[in-house]
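The exercises below are meant to be worked through with the sequence and the model open side by side. Each task is followed by a solution that goes step by step.

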Amino acid sequence: MTARLFSFRGGIKTDSHKTESSTTPIAPAPLPQRLVIPLRQSARAGARCLVEPGQHVLKGEQIGVPEGNLGTAVHAPTSGTVVDIAPYPMAHASGLVTPCVVIEPDGEERWIEHAPFDYRAAARPAVLAYLRDRGIVGMGGASFPSHIKLGPGSGFDTLVINGAECEPWITCDDCLMRERAAAILSGATLLRELLGATRTLVGIEDNKPEAIAAMRAAAAALTEPLEIVAVPTLYPAGGEKQLIRVLTGIEIPHGKLGAEFGVQCFNVGTAHAVHRAIHHGEPLISRVVTLTGNVAHPGNYEAPIGTPIEALVALAGPQPGTDRYILGGPMMGISLPDLSIPLVKGSNCVIAASPALFPPPPPELACIRCGACARACPADLQPFELYWFARAKNFGKAQEYNLFDCIECGCCAFVCPSHIPLVDYFRFAKSEIWARERESAAATQARDRFEFRNYRQEREKEEKAAKLAAKAAETRAKLAEGGAAAPAAAPDDSKQALIAAALARAKHQQATAHPRNTEALSPETQAEIAEIEARRRKAFPPQTDTTASSVPQTEHQSAGEDSK
Ligand code: SF4
Ligand code: SF4
């Protein structure tokens with residue numbers, strides 16, 4: 001049965017620029033001198049480092065264990081020596097810096113022991129944990145952990161495999177589908193079984209006829225309830241909500257996910273990685289990346305995760321006139337501030353941009369409220385309203401107008417006659433909101449810490465007072481035993497008890513160390529004391545004037561004062 005197609009609202013037609021990089025087979029990228037593997041593969045969460053400098057690692061060995069639910073396991077893409085663990089900038093619009101494991105390859109490509117995983121014999125949680133530990137994440141750009149998207153294993157009826165690859169210039173999924181269709185569909189079968197879905201729909205834009213043919217040929221060999229569907233080429237048909245709408249007719253409302261409507265969506269690259277993990281025991285350590293734009297050898301390369309972008313750029317041969325590099329596509333990608341940034345699991349394309357290919361935008365003008373942006377928005381938003389709120393830093397209102405449903409597709413900015421870089425405003429507003437949320441979370445944490453410290457100090461004070469009271473009681477008891485008069489103290493007042501005990505102690509010490517009754521002293525001692533008293537009286541006769549000036553000073557004291 002051929003799936004009925006639906007249309008999504010908005011969207012734009014762009015020049016696809018696909019043929020520049022899709023005419024040659026996927027080539028393996030050589031190992032660079034150093035691999036820089038970020039322990040954080042997305043801005044969401046990171047991994048805890050498992051290795052240390054000087055350690056030798058094997059290809060596929062785990063070097064980072066996911067932190068929290070959204071962290072990603074990280075593995076050595078080749079065998080070699082860990083030479084450094086240090087912060088490096090990562091591929092993110094915010095210029096985020098993240099700890100990275102730097103590996104110097106030994107060139108031997110020695111694997112850890114790995115074997116297919118018998119997923120049919122394992123319980124479902126064990127299969128999900130296996131995928132988590134192999135570092136499987138969404139390879140369409142979001143890098144969201146796949147085992148979380150697989151959910152509880154029920155409540156899904158449709159699996160959507162996303163082969164639309166709608167953004168101009170990018171062709172890595174196209175080439176993957178042409179060359180590895182059987183492996184992708186094997187992964188799709190695994191994903192469908194794990195979801196508990198009853199059907200699989202693979203959506204591919206109709207500007208990729210070779211990929212559609214290859215996938216249909218591979219699907220013909222299966223007995224799966226699986227359909228390869230050619231969808232109209234319209235940017236952004238590859239957006240998750242848009243592709244679900246086109247293939248199933250389900251309109252997912254603001255703030256909701258496909259999973260809430262029984263549909264889950266995975267990229268073709270993710271399905272391929274799931275196949276490699278389950279049927280070959282391989283963690284996700286490399287990916288296919290498109291190198292295109294103003295380069296001599298555009299094409300698709302399978303490169304180890306952690307390859308610095310400069311090494312990839314050198315492979316493609318940048319041409320004179322290149323003035324910047326874009327990671328991702330021209331609509332949703334970011335301009336790279338630094339070519340030492342390494343490839344991560346979600347990096348699908350590097351474009352060498354020149355003014356000839358990407359002319360600088362004309363100057364920004366005032367919004368004329370023409371509404372073109374709203375008509376082009378596939379997320380049913382009012383971009384000009386969001387723009388005003390972001391500009392005025394009225395972030396509460398921006399959120400009220402569903403800012404976080406913006407997929408940053410760039411359709412609004414593309415059609416804006418005033419050339420307003422709308423997406424930049426939306427990214428700014430989102431990052432400000434996130435920063436404020438982080439600050440507020442940090443303030444809550446600080447308050448909790450302060451309150452806990454106060455509680456701890458109070459508790460310590462009480463414990464100390466109780467200890468002192470016990471000690472005071474003990475002292476009183478001892479004094480009472482020794483015949484000394486025990487001071488009266490309120491038994492339940494620890495401070496009073498303490499003071500009374502201290503006074504009693506001092507009294508007892510005075511009585512024993514400095515007896516006032518000189519008659520008790522020996523006659524020799526009494527004579528010595530009398531002699532000392534007489535000498536003292538002669539040297540310092542008693543005076544009526546008791547001011548400080550009358551007190552005699554030693555020479556040393558006087559000299560000391562003068563020298564100041
Ligand atoms: S398209 Fe541009 S000028 Fe027109 S309403 Fe939107 S932001 Fe304003
Ligand atoms: S960038 Fe956001 S607001 Fe603009 S068209 Fe895309 S989804 Fe709509």
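**Exercise 1.** Work out in what order the three strands of the open sheet lie, and which of them are the edge strands.

*Solution.* In this predicted model, the three strands of the open sheet follow the order 3-5-6, and their pairing is antiparallel. Strand 3 (47-49) and strand 6 (74-75) are the edge strands, since each pairs on one side only. Looking closer at one pair, strand 3 and strand 5 (residues 62-66) are joined in the antiparallel sense over three bridges, and Arg48 stands opposite Val65 in strand 5.

**Exercise 2.** Explain why Cys166 forms no disulfide.

*Solution.* A disulfide requires two cysteine sulfur atoms within 2.5 Å. The closest cysteine sulfur to that of Cys166 belongs to Cys411 and lies 8.6 Å away, which is too far for a bond. Cys166 itself is buried, with a relative accessible area of 14%, and the structure as a whole holds zero disulfides.

**Exercise 3.** Describe the largest nonpolar core and find which residues have the most contacts inside it.

*Solution.* The largest nonpolar core has 52 residues, and Ile161, Met215 and Ile228 have the most contacts inside it. Helix 4 (residues 181-195) supplies the largest share of this core, eight residues. Leaving aside residues up to four places away in sequence, Met215 touches several residues, including Ala181, Ile184, Leu185 and Ile228.

**Exercise 4.** Determine how the shell around ligand 1 divides into nonpolar, polar and charged residues.

*Solution.* Among the residues that surround ligand 1 are Cys367, Cys370, Cys373, Cys416 and Arg369. The shell divides into eight nonpolar residues, two polar and one charged.

Terms used: Residues are numbered from 1 along each chain as its sequence is written. Chains are lettered from A and ligands numbered from 1 in the order in which they are written. This is a predicted model: local features need pLDDT of at least 70, side-chain atom pairs count only at pLDDT 80 or more; totals for chains, interfaces and linings use all residues. Side-chain values use heavy atoms; hydrogens and water are left out. Buried means under 20% relative accessible area, exposed over 50%, partly exposed in between (1.4 Å probe, protein chains only). A residue is near a molecule or strand if one of its heavy atoms lies within 4 Å of it. Ala, Val, Leu, Ile, Met, Phe, Trp, Tyr, Cys and Pro count as nonpolar, Asp, Glu, Lys and Arg as charged, and the others, Gly among them, as polar. A nonpolar core is a set of buried Ala, Val, Leu, Ile, Met, Phe, Trp, Tyr and Cys residues joined through side-chain atoms within 4.5 Å. Helices (H or I, at least four residues) and strands (E, at least two) are DSSP runs, numbered from the N terminus. Contact means heavy atoms within 4.5 Å. Two strands pair if DSSP finds at least two bridges between them.
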